[in-house]
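Good morning, colleagues, and thank you for coming. Please look at the sequence and the structure as they appear, and I shall then take you through several of the details.

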Amino acid sequence: LKAPAPQPLPAITKADVISLLPLTFCYAFAHTAGVVALTAGSPAFGQIVKAAEPVFAAVINTLFYAKSPSLAKWCVLPVIVGGVAIST
C-alpha cells in the first residue's frame with residue numbers, strides 16, 4: 001500500500017471566481033428554499049423541495065453554462081422527484 005503523491009494546488013484566477021458566482025448564488029437560493037420549506041410547511045413539502053434540487057441544478061447548468069445533462073440524466077430526474085413525492 002502506497003501513500004498518494006502530493007498534488008500541487010490549483011491556480012484559481014479572478015475569472016474562475018467570477019464564472020462560479022451564478023452557480024454559487026443559485027445553490028444558496030436552492031438551499032435557503034429547502035430550509036424555509038422545512039420550517040414553513042409540512043415535512044412532505046420540504047422533502048419534495050429538496051428532491052427538486054437536482055432538477056434545479058440541471059436547469060441552471062443548462063442556462064448559465066450551456067452544458068446540458070445527457071438525455072439519460074434528464075429522464076431520471078422526474079423519477080427521482082416522483083419517487084420522493086410518492087414516498088412522502
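Let us begin with F56, in this predicted model. With a relative accessibility of 30%, F56 counts as partly exposed. Its partner in what follows is F29, which counts as exposed because its relative accessibility is 55%.

These two residues matter to our account for the following reason: when the whole structure is searched, one aromatic pair is found. The pair is made by F29 and F56, whose ring centres lie 6.2 Å apart and whose planes meet at 45°, so the pair is described as tilted. It links distant parts of the chain, since F29 belongs to helix 1 and F56 to helix 3, with the two positions 27 residues apart in the count along the sequence. As a general point, an aromatic pair is described by two quantities, the distance of the centres and the angle of the planes.

I turn now to helix 1 itself, which comprises residues 14–40. How far apart are the end C-alpha atoms of helix 1, and what span should its 27 residues give? At 1.5 Å a residue, the expected span is 39 Å, and the end C-alpha atoms are 38 Å apart, so the two values agree. Helix 1 nevertheless has a bend of about 35° at L21, and a proline, P22, follows within four residues.

Which residues of helix 1 are buried? They are C26, A30, G34 and A37, and these buried residues pack against helix 2, residues 43–51, and against helix 3. In the case of C26, the relative accessibility is 14%, and the residue therefore counts as buried. Another cysteine, C75, counts as partly exposed because its relative accessibility is 48%. As for disulfides, a search of the whole structure finds zero.

Still in helix 1, please consider S19. Its relative accessibility is 35%, so S19 counts as partly exposed. A polar atom of the S19 side chain lies 2.8 Å from the backbone oxygen of D16. Between the C-alpha atoms of S19 and S68 there is a separation of 17 Å, and these residues are 49 residues apart along the chain.

We proceed to the loop between helix 1 and helix 2, where S42 is placed. S42 has a relative accessible area of 38% and is therefore partly exposed. From S42 to K73 the distance is 29 Å, C-alpha to C-alpha, with the two residues 31 apart in sequence.

Helix 2 comes next. Its buried residues are G46, V49 and A51. What do the buried residues of helix 2 pack against? They pack against helix 1, helix 3 and helix 4.

Finally, I would draw your attention to A66. This residue lies in the loop between helix 3, residues 53–65, and helix 4, residues 71–87. Is A66 buried or exposed? Its relative accessibility is 68%, so A66 counts as exposed. The phi angle of A66 is near 55°, a positive value in a residue that is not glycine.

To close, allow me to return to the two points with which the helices are joined in this account. The tilted pair of F29 and F56 links helix 1 with helix 3, and the buried residues of helix 1 pack against helix 2 and helix 3. Thank you for your attention.

Conventions
Residues numbered from 1 in each chain as written. Predicted model: local features only at pLDDT ≥ 70, side-chain atom pairs only at ≥ 80, totals over all residues. Heavy atoms only, no water. Buried < 20%, exposed > 50% of the residue type's maximum accessible area, 1.4 Å probe, protein only. Polar contact = N/O pair within 3.5 Å; in protein donor to acceptor, adjacent residues only side chain to side chain. Expected span 1.5 Å × (residues − 1). Bend = angle between axes of the 7 residues up to and from the residue. Contact = heavy atoms within 4.5 Å. Disulfide = S-S within 2.5 Å. Phe/Tyr/Trp six-rings, centres within 6.5 Å; stacked < 30°, edge-to-face > 60°.
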